Amino acid sequence: MHKIILFNPRSAVAKYRIPNSILNIAASVEGKYDWAIVDGNRENDSFERIAGYLNTGEYRYIGFTVMPGPQMKQSIPLAKKIKELFPSTIIIWGGYFPTNHYKVVLNSGYVDFVINGPGDNAFPQLIDALENNTPYEFIKNIAYKSDTTIIKTTKEDLIDQESLKPLPYHKLDTFYPIEKYLGRTYLGDKTLAYHSSIGCPFTCSFCAVVPIYEARWKAKSAQTVYKDIKYIKDKWGADAIEFHDNNFFVSEKRSVEFSKLIKPEKMSWWGMARIDTMHKFKDESLSLIREAGCKIIFFGAESGNEKVLKQLDKGGTQTGEQIEEFASRLKQFDIIPEYSFVLGTPAPTPEEVMQQIDFDINFIKRIKEANPKTEIVLYTYSPVPTEGSELYNEVLQKGFTFPKKLEDWINPEWENFDMRKNPLTPWLTAEMIDKIRNFETVLNGYYPTVSDIRLNSIKRKIMRLTAGMRYKINFYKHPYEIKLLQRLWRYRQPEIQGF
Ligand code: B12
Ligand code: SF4
């Protein structure tokens with residue numbers, strides 16, 4: 001039986017997180033196939049490590065997890081090089097990028113299979129088929145090229161998350177000590193990244209989760225989540241948790257049950273949620289969630305403009321008024337709302353695009369007045385192929401296209417696209433992009449993020465003083481003096497470096 005390499009390409013400069021994507025895949029083959037993990041975040045030379053395994057002749061498969069952005073910078077040249085130097089190796093890509101862009105990946109000629117969505121069943125089934133030389137055409141959630149045709153098989157129902165095998169943390173620890181994955185953050189000294197549910201029940205038209213999960217969501221029970229976390233706390237000393245779920249708080253019942261269980265552990269935690277869902281939570285649930293250690297919650301506010309909220313398909317129940325009201329409501333529970341906004345969506349005329357941007361800049365300032373502790377994360381709208389959505393149709397009509405060659409994705413301009421900084425969308429002018437980025441600089445100067453734990457109170461004061469006048473008189477152009485301070489003190493931006 002051949003062995004498997006599972007590769008997590010570099011995604012972080014310093015703050016490493018447990019590579020949950022490939023750890024889930026490792027769990028799916030654990031006990032049946034031998035596997036080794038290569039974590040690009042923890043290697044100086046990932047290729048050397050991978051080549052070391054391949055040179056033994058025992059490894060035939062390598063699985064890459066790939067999300068847009070920096071991971072592609074390593075994935076593309078490495079996959080190409082592996083195919084050239086070890087042509088019999090079967091290269092399999094999974095994760096958000098290959099799932100949403102499977103055609104360009106398979107057309108590269110050096111990726112043999114794409115796992116389309118969750119790989120917990122698809123991956124072991126594919127390896128079985130390849131090992132036993134049996135057909136793989138009927139395996140769900142895969143894509144491959146047959147001669148010149150790209151085949152995508154049907155999607156399977158979401159797997160009951162309780163039925164998944166436990167994550168092999170103990171074995172990961174033999175490759176890379178777990179302690180080093182538990183980093184210091186705003187939440188604690190040893191922060192664990194944990195994923196307790198997959199998918200999301202909503203269909204926001206700008207979101208990469210939608211084409212993959214198609215409004216489906218499945219979660220582990222509060223008990224299982226607690227048991228896993230307790231194990232890591234007891235064994236490796238985790239004192240804080242980042243929940244990486246797309247939407248942790250879908251169920252009030254599960255959130256409350258988990259809060260009751262975790263409260264005695266005195267851990268701090270963070271997760272992502274929707275405003276309209278959580279605004280319906282009872283006061284006592286929100287109180288309990290805070291008492292149980294939840295300090296900060298990330299919400300997709302997206303826009304205060306009803307027209308844009310409709311365009312983004314935020315589910316029909318989120319309004320500007322509600323976003324503002326909820327930010328105020330959270331003050332009484334001492335939970336910090338972290339609101340993300342998506343600026344720069346298309347409109348019929350350039351004037352209207354600019355008006356939308358101006359509207360949201362003013363709206364964000366209103367939110368800050370309602371609850372100054374609100375953390376603001378600003379994204380520029382970067383399309384994802386949410387086929388069938390009105391927004392995506394509008395994007396295509398306006399002439400936007402994704403790169404046709406896989407290598408083009410690592411050109412500097414597409415890297416900026418991935419980082420949601422400069423989206424290359426034809427309706428956004430340089431002036432509009434500058435306005436968004438300059439406002440962001442001034443806002444971050446006047447309200448530096450709490451998640452930058454290296455920024456002491458004196459530096460915060462200096463930043464605030466420097467940015468104050470600009471913020472008050474709405475003058476955002478050329479904020480070089482603030483940029484200089486941010487560069488000097490290596491100000492961290494949660495939207496790029498994680499939370
Ligand atoms: C953790 C995380 C990060 C971490 C690092 C991740 C890492 N691997 O080290 C950090 C904070 C660095 C990060 C950064 C960014 N991220 Co990120 N990140 C996530 C997050 C929250 C969790 C990923 C995860 O661990 N999931 C848990 C596993 C179990 O789920 P999964 O990855 O989907 O894996 C399943 C399947 O996809 C498949 N699969 C996945 N990989 C593989 C591999 C193989 C071989 C196989 C067979 C199957 C397979 O099987 C798995 C099990 O079912 C996701 C959102 C989410 N909830 O998934 C966003 C997400 C992937 N990130 C995203 C983005 C855009 C970014 C950024 C590029 C940009 C940004 N501004 O946020 C930055 C890049 C900066 C950088 N330095 O890299 C987007 C991708 C959107 C898109 N267009 O595709 C997501 C979806 C967030 C979102 N909703 O927008 N991210
Ligand atoms: S609620 Fe969040 S995760 Fe869910 S579809 Fe909308 S943006 Fe995506």
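Helices (H or I, at least four residues) and strands (E, at least two) are DSSP runs, numbered from the N terminus. With that in hand, here are some notes on this model, which is a predicted one.

1. Glu214 is a good place to begin. This residue sits in the loop between helix H8 (209-213) and strand E10 (217-219). Its phi is positive, about 45°, although Glu214 is not a glycine. Glu214 has 13 C-beta neighbours inside 10 Å, and a residue needs 20 or more to be buried and 12 or fewer to be exposed. Glu214 therefore counts as partly exposed.

2. Asn141 also has a positive phi, near 65°, and is likewise not a glycine. You will find Asn141 in the loop between helix H6 (122-132) and strand E6. Is Asn141 buried or exposed? Asn141 has 24 other C-beta atoms within 10 Å, so it is buried.

3. Just after Asn141's loop comes E6, which covers residues 142-146. E6 pairs with strand E7 (residues 149-152) in the antiparallel sense, over four bridges. The hairpin of these strands has two residues between them, and there Asp147 takes a positive phi near 55°.

4. Lys145 belongs to E6, and its bridge partner in E7 is Ile150. Apart from neighbours within four places in sequence, Lys145 touches Leu106 and Ile150. Lys145 has 19 C-beta neighbours inside 10 Å, and since burial takes 20 or more, it counts as partly exposed. If you want a distance to check on screen, try Lys145 to Asp418: the two residues are 273 apart along the chain, and their C-alpha atoms are separated by 26 Å.

5. Going back along the chain, look at H6. Its buried residues are Ala122, Phe123, Gln125, Leu126 and Ile127. What covers them? The cover includes strand E1, helix H1 (20-29), strand E3, strand E5 (113-115) and E6. Following H6 is Asn133, and its phi is positive too, near 55°.

6. Two of the elements over H6, E1 and E3, are themselves paired. E1 (residues 3-8) runs parallel to E3 (residues 59-65), with five bridges joining them. Leu6 has Gly63 as its bridge partner in E3. E1 is also joined by five bridges to strand E2 (residues 35-39), again parallel, and here Ile4 has Trp35 as its bridge partner. E1 is mostly covered, with five of its six residues buried.

7. Tyr61 lies in E3 and is worth a click. Tyr61 has 23 other C-beta atoms within 10 Å, so it is buried. Its contacts, leaving aside residues within four places in sequence, are His2, Ile4, Ile90, Ile92 and Ile127. Two of these residues have appeared above: Ile4 has its bridge partner in E2, and Ile127 is one of the buried residues of H6. The C-alpha atoms of Tyr61 and Ile91 are separated by 6.1 Å, although the residues are 30 apart along the chain.

8. Further along the chain is helix H15, residues 350-370. Its 21 residues should span 30 Å at 1.5 Å a residue, and the end C-alpha atoms are indeed 30 Å apart, so the two values agree. Which residues of H15 are buried? They are Val353, Gln356, Ile357, Asp360, Ile361, Ile364 and Ile367. Seen down the helix axis, these buried residues fall within an arc of 135°, so they line one face of H15. An α-helix has 3.6 residues a turn, so residues three or four places apart point the same way.

9. Both sides of H15 deserve a look. Among what covers its buried residues are helix H13 (306-311), helix H14 (320-331), strand E14 (336-343), strand E15 (375-380) and helix H18 (430-446). On the other side of H15, Glu351, Asn362 and Glu369 are exposed.

10. Last, the surroundings of ligand 2. Around this ligand are Cys200, Phe202, Cys204, Cys207, Val209, Val210, Asn246, Asn247, Arg274 and Gly300. This shell divides into six nonpolar residues, three polar and one charged. Arg274 is the charged one, because Arg is counted with Asp, Glu and Lys as charged.

Methods. Residues are numbered from 1 along each chain as its sequence is written. Chains are lettered from A and ligands numbered from 1 in the order in which they are written. This is a predicted model: local features need pLDDT of at least 70, side-chain atom pairs count only at pLDDT 80 or more; totals for chains, interfaces and linings use all residues. A residue is near a molecule or strand if its C-beta atom, placed from the backbone, lies within 6 Å of it. The expected span of a helix is 1.5 Å times one less than its number of residues. The arc is that of the directions from the helix axis to the C-beta atoms. Two residues are in contact if their C-beta atoms, placed from the backbone, lie within 7 Å. Two strands pair if DSSP finds at least two bridges between them.
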